[in-house]
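The following exercises concern a single protein structure. Each task is followed by a solution worked in steps.

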Amino acid sequence: TLRSDSYRQVEDFLIAAQENKLGWITISEVSWNESEGVVALTYENGVKLLFGNDQFEEKMKNWEAFYTDVISKKGMAAFTSIDLRFEDQIVTRNS
């Protein structure tokens, strides 16, 4: 429902994504599940992005930095998932 915590998490994420220009143009689909929180797919290659719960502005900044510094060099096809849920680290799964 619109009053549930899961809805609020997705809403907060979408607001943070829309305010981050790179985030808004690189993300295609957004979903929610209890174990991973907010999950998104990238437009390019459908790479799974795990954003978890809360602090979405900071996580969007981390996604932007990772995209700019790593994806621009290795390419999106080098990854199958990128986990942004943890503070001060980004965990990736490579293709």
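**Exercise 1.** Leaving aside its neighbours within four places in sequence, which residues is Asn 20 in contact with?

*Solution.* The model is a predicted one: local features need pLDDT of at least 70, side-chain atom pairs count only at pLDDT 80 or more, and totals for chains, interfaces and linings use all residues. Residues are numbered from 1 along each chain as its sequence is written, and side-chain values use heavy atoms, with hydrogens and water left out.

Step 1. Locate the residue: Asn 20 is in the loop between α1 (5-19) and α2 (21-26). Helices (H or I, at least four residues) and strands (E, at least two) are DSSP runs, numbered from the N terminus.

Step 2. List the partners. With neighbours within four places in sequence left aside, Asn 20 is in contact (heavy atoms within 4.5 Å) with Met 60, Lys 61 and Glu 64.

Step 3. Identify the polar partner. The side chains of Asn 20 and Glu 64 form a polar contact of 3.2 Å. Such a contact is a pair of N or O atoms within 3.5 Å; within protein, one must be able to donate a hydrogen and the other to accept it, and residues adjacent in sequence count only if both atoms are side-chain atoms.

Step 4. Classify the burial. Asn 20 counts as buried because its relative accessibility is 9%; buried means under 20% relative accessible area, exposed over 50%, and partly exposed in between (1.4 Å probe, protein chains only).

**Exercise 2.** Describe the surroundings of Thr 26, a residue of helix α2.

*Solution.* Step 1. Thr 26 is buried, since its relative accessible area is 7%.

Step 2. A polar atom of the Thr 26 side chain lies 2.9 Å from the backbone oxygen of Leu 22. The Thr 26 side chain also makes a polar contact of 2.9 Å with the side chain of Trp 63.

Step 3. Neighbours within four places in sequence aside, Thr 26 is in contact with Leu 41, Thr 42, Tyr 43, Trp 63 and Tyr 67.

**Exercise 3.** At which residue does helix α3 bend, and which of its residues are buried?

*Solution.* Step 1. Helix α3 (residues 56-74) bends by about 40 degrees at Tyr 67. The bend is the angle between axes fitted to the seven residues ending at a residue and the seven starting there.

Step 2. The buried residues of α3 are Phe 56, Lys 59, Met 60, Trp 63, Phe 66 and Ile 71. An α-helix has 3.6 residues a turn, so residues three or four places apart point the same way.

Step 3. Just after α3, Gly 75 takes a positive phi of about 90 degrees.

**Exercise 4.** Compare the settings of Asp 54 and Asp 88.

*Solution.* Step 1. Most residues other than glycine have a negative phi. Asp 54, not a glycine, nevertheless has a positive phi of about 60 degrees, and Asp 88, also not a glycine, has a positive phi of about 65 degrees.

Step 2. Asp 54 is in the loop between β3 and α3, whereas Asp 88 is in the loop between β4 (79-83) and β5 (91-94).

Step 3. Asp 54 counts as partly exposed because its relative accessibility is 41%; Asp 88 is exposed, with a relative accessible area of 74%.

**Exercise 5.** Is Val 47 buried or exposed?

*Solution.* Step 1. Val 47 is placed in the loop between β2 (37-42) and β3 (48-52).

Step 2. Val 47 counts as buried because its relative accessibility is 1%.

Step 3. Not counting residues up to four places away in sequence, Val 47 touches several residues, including Ala 40, Met 76, Phe 79 and Ile 82.
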